[in-house]
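Please work through the exercises below with the sequence and the structure side by side, and try each task before reading its solution.

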Amino acid sequence: MLLKVNVASEPNEYRFFTLPLTPKAIKVFGKSLGTILGLNSDSSVKSRLTAIYDPEATGENLTVTLNIFSETKKLAEIPVRYKTTLEDIS
């Protein structure tokens, strides 16, 4: 599955990052996975996986953030930074 990634300082510019999904992630997010990835616009699911790619940064230039919400409040924001190369992101 591919994650659509915003490019820092370039509005309306995107790259695509291969998203490794574990069986546990598929089980937990199930039918909501498309919404969490921003593919569907189901407003009842607030949790989202977003990413920002900074081609100007050295080292870790991709930040992927999982925002997890319950029905009533935000539970967690989990950012993870990755080092990418041109071959990793198209």
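The exercises that follow concern a predicted model, and they go from the sheet to its side chains.

**Exercise 1. Work out the order of the strands in the sheet, and find which strands stand at the edges.**

Step 1. Begin with strand 1 (2-7), which is joined to strand 2 (14-18) by five bridges, the two running antiparallel. Within this pairing, lysine 4 stands opposite phenylalanine 16, and the hairpin between the two strands has six residues, with serine 9 taking a positive phi near 60°.

Step 2. Strand 1 also pairs with strand 3, in the parallel sense and over two bridges, where valine 7 has tyrosine 53 as its bridge partner.

Step 3. Strand 3 (residues 48-53) pairs in turn with strand 4, in the antiparallel sense over six bridges, and here alanine 51 stands opposite valine 64.

Step 4. Strand 4 (residues 60-69) and strand 5 (residues 74-83) are antiparallel over nine bridges; glutamate 60 stands opposite lysine 83, and a hairpin of four residues joins the two strands.

Step 5. Put together, these pairings give an open sheet of five strands in the order 2-1-3-4-5, with mixed pairing. Strand 2 and strand 5 each have a single partner strand, so they stand at the edges and one side of each is left without a neighbour in the sheet. From one strand to the next, the twist averages 30°.

**Exercise 2. Decide which side chains of strand 1 are buried, and relate them to the largest nonpolar core.**

Step 1. Follow the side chains along strand 1, which alternate: Leu3, Val5 and Val7 point to one face and are buried, whereas Leu2, Lys4 and Asn6 point to the other face and are not.

Step 2. Compare this with the largest nonpolar core, which has 15 residues; Leu3 and Val5 are among those with the most contacts inside it, as are Leu37, Leu49, Ala51, Leu62 and Val64. The elements that give two or more residues to this core are strand 1, helix 2 (33-36), strand 3 and strand 4.

Step 3. Take valine 5 as a case: leaving aside its neighbours within four places in sequence, its contacts include Phe17, Ala51, Ile52 and Leu62. In soluble globular proteins, nonpolar side chains tend to be buried together.

Step 4. On the other face, consider Lys4: its charged end sits over the ring of tyrosine 14, 4.1 Å from the ring centre.

**Exercise 3. Find the aromatic pair in the structure, and classify it.**

Step 1. A search of the whole structure finds one aromatic pair, formed by phenylalanine 17 and tyrosine 82 with 5.8 Å from centre to centre.

Step 2. The angle between the planes is 40°, and the pair is tilted, because planes under 30 degrees apart would count as stacked and those over 60 as edge-to-face.

Step 3. Phenylalanine 17 lies in strand 2 and tyrosine 82 in strand 5, so the pair ties together parts that are 65 residues apart in sequence.

Step 4. Phenylalanine 17 counts as buried at 13% relative accessibility, because the cut-off for buried is under 20%, while tyrosine 82, with a relative accessible area of 35%, is partly exposed.

**Exercise 4. Describe the surroundings of threonine 65.**

Step 1. Threonine 65 is found in strand 4 and is buried, with a relative accessible area of 13%.

Step 2. Beyond its neighbours within four places in sequence, threonine 65 is in contact with Arg48, Leu49, Thr50, Glu77, Ile78 and Pro79.

How values were computed. Residues are numbered from 1 along each chain as its sequence is written. This is a predicted model: local features need pLDDT of at least 70, side-chain atom pairs count only at pLDDT 80 or more; totals for chains, interfaces and linings use all residues. Side-chain values use heavy atoms; hydrogens and water are left out. Two strands pair if DSSP finds at least two bridges between them. Axes are lines fitted to C-alpha atoms, for helices over the stretch in contact, and angles run from 0 to 180 degrees between N-to-C directions. Rings of Phe, Tyr and Trp (its six-membered ring) pair if their centres lie within 6.5 Å; planes under 30 degrees apart count as stacked, over 60 as edge-to-face and the rest as tilted. Buried means under 20% relative accessible area, exposed over 50%, partly exposed in between (1.4 Å probe, protein chains only). A charge sits over a ring if NZ of Lys or CZ of Arg is within 6 Å of the ring centre and within 35 degrees of the ring normal. A nonpolar core is a set of buried Ala, Val, Leu, Ile, Met, Phe, Trp, Tyr and Cys residues joined through side-chain atoms within 4.5 Å. Contact means heavy atoms within 4.5 Å.
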